[in-house]
Amino acid sequence: MSDDHVPDTYRVFAEALAILASTAEEQCESVSDFNVAWELKDEVQAGQYLVGKGHLDAEQEAWILALVCALDAVPATTLPAGSGRASNLAAMQHPAWIPLRVLARHALEALPPTLLTPKDASPPPDRERTRRS
């Protein structure tokens, strides 16, 4: 993944993490009752591609890796495919998701709200001259 894609990848990851931290009902509503468990698992686990890119510190990367490992332990039987509130809500109410919600809330506190590429983090040249004046 190039540095140009890191902010967008992080945005998708952070949004999925916020949904994971919410209640089962809110999770289903946020994902429109379609493949909720699979979508959350895949989008949060994609956070592993942010590790080692130099945008996060070691503690932040550890939170992401802990989430990835914890999601690996979710039984496939709790990941039904398809649409509809009943099946998706039942899946998200499985006890395996309870510690993941807690872990997600703590990770949200430790992680930055957004990531910037190195060029985004630098002020434009004309603004830099203004600051030095």
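**Fold overview**

I went through the secondary structure and got eight helices and zero strands for the protein chain. Read from the N terminus, the elements run α-α-α-α-α-α-α-α. Note to self: this is a predicted model. I then pulled the burial figure, and buried residues come to 37% of the 133 residues in the chain. For contacts between residues at least 6 apart in sequence, I found that 77% join residues at least 24 apart.

**Salt bridges**

How many salt bridges does the structure hold? I got two.

I took the pair in α1 to begin with. Glutamate 15 and arginine 11 meet through their side chains at 3.4 Å, N to O. Both sit in helix α1 (residues 6–20), four residues apart, which is about one turn of the helix. I looked up exposure for each partner. Glutamate 15 has a relative accessible area of 41%, so I put it down as partly exposed. Arginine 11 is also listed as partly exposed, at 42%.

Next I opened the other pair, arginine 85 with aspartate 33, where the side chains meet at 2.7 Å, N to O. What does this bridge tie together? Arginine 85 is in helix α5 (residues 85–92), while aspartate 33 is in the loop between α2 (24–30) and α3 (36–45), so the pair links parts that are 52 residues apart in sequence. On burial, arginine 85 is partly exposed at 34% relative accessibility. Aspartate 33 comes out at 16%, and I call it buried because the cut-off is under 20%.

**Charged residues without a partner**

I then went after buried charges with no salt bridge. Arginine 101, in helix α6 (residues 97–110), is one of them: it is buried, and the nearest side chain of opposite charge, glutamate 25, is 7.0 Å away. That is no salt bridge, because one needs a nitrogen within 4 Å of a carboxyl oxygen. So what does the side chain of arginine 101 reach? I found the backbone oxygen of serine 22 at 3.1 Å. Leaving out residues up to four places away in sequence, I listed the neighbours that arginine 101 touches: Leu20, Ala21, Ser22, Thr23, Ala24, Gln27, Met92 and Gln93.

Glutamate 61 in helix α4 was my next stop. It is buried and has no salt bridge either, with lysine 53 as the nearest side chain of opposite charge, 9.5 Å away. With the same sequence neighbours left out, I noted that glutamate 61 touches Leu50, Val51, Gly52, Lys53 and Leu56.

**Tryptophan 63**

I stayed in helix α4 for tryptophan 63. Buried or partly exposed? At 23% relative accessibility, tryptophan 63 counts as partly exposed. I checked its contacts beyond four places in sequence and found Leu103, His106, Ala107 and Ala110. I also looked up glycine 47, which is 16 residues from tryptophan 63 in sequence and 10.0 Å from it in space, C-alpha to C-alpha.

**Packing of α3 and α4**

Last entry. At what angle do α3 and α4 pack? I read about 145 degrees for α3 against helix α4 (residues 58–72), with the axes 9 Å apart. I noted the crossing as left-handed. The residues making the contact are Lys41, Val44 and Gln45 from α3, and Leu67, Val68, Leu71 and Asp72 from α4.

How values were computed:
Residues are numbered from 1 along each chain as its sequence is written. This is a predicted model: local features need pLDDT of at least 70, side-chain atom pairs count only at pLDDT 80 or more; totals for chains, interfaces and linings use all residues. Side-chain values use heavy atoms; hydrogens and water are left out. Helices (H or I, at least four residues) and strands (E, at least two) are DSSP runs, numbered from the N terminus. Buried means under 20% relative accessible area, exposed over 50%, partly exposed in between (1.4 Å probe, protein chains only). Lys and Arg count as positive and Asp and Glu as negative; His and the chain ends are not counted. A polar contact is a pair of N or O atoms within 3.5 Å; within protein, one must be able to donate a hydrogen and the other to accept it, and residues adjacent in sequence count only if both atoms are side-chain atoms. Contact means heavy atoms within 4.5 Å. Axes are lines fitted to C-alpha atoms, for helices over the stretch in contact, and angles run from 0 to 180 degrees between N-to-C directions. A crossing is left-handed if the near helix is turned anticlockwise from the far one by less than a right angle, and right-handed if clockwise.
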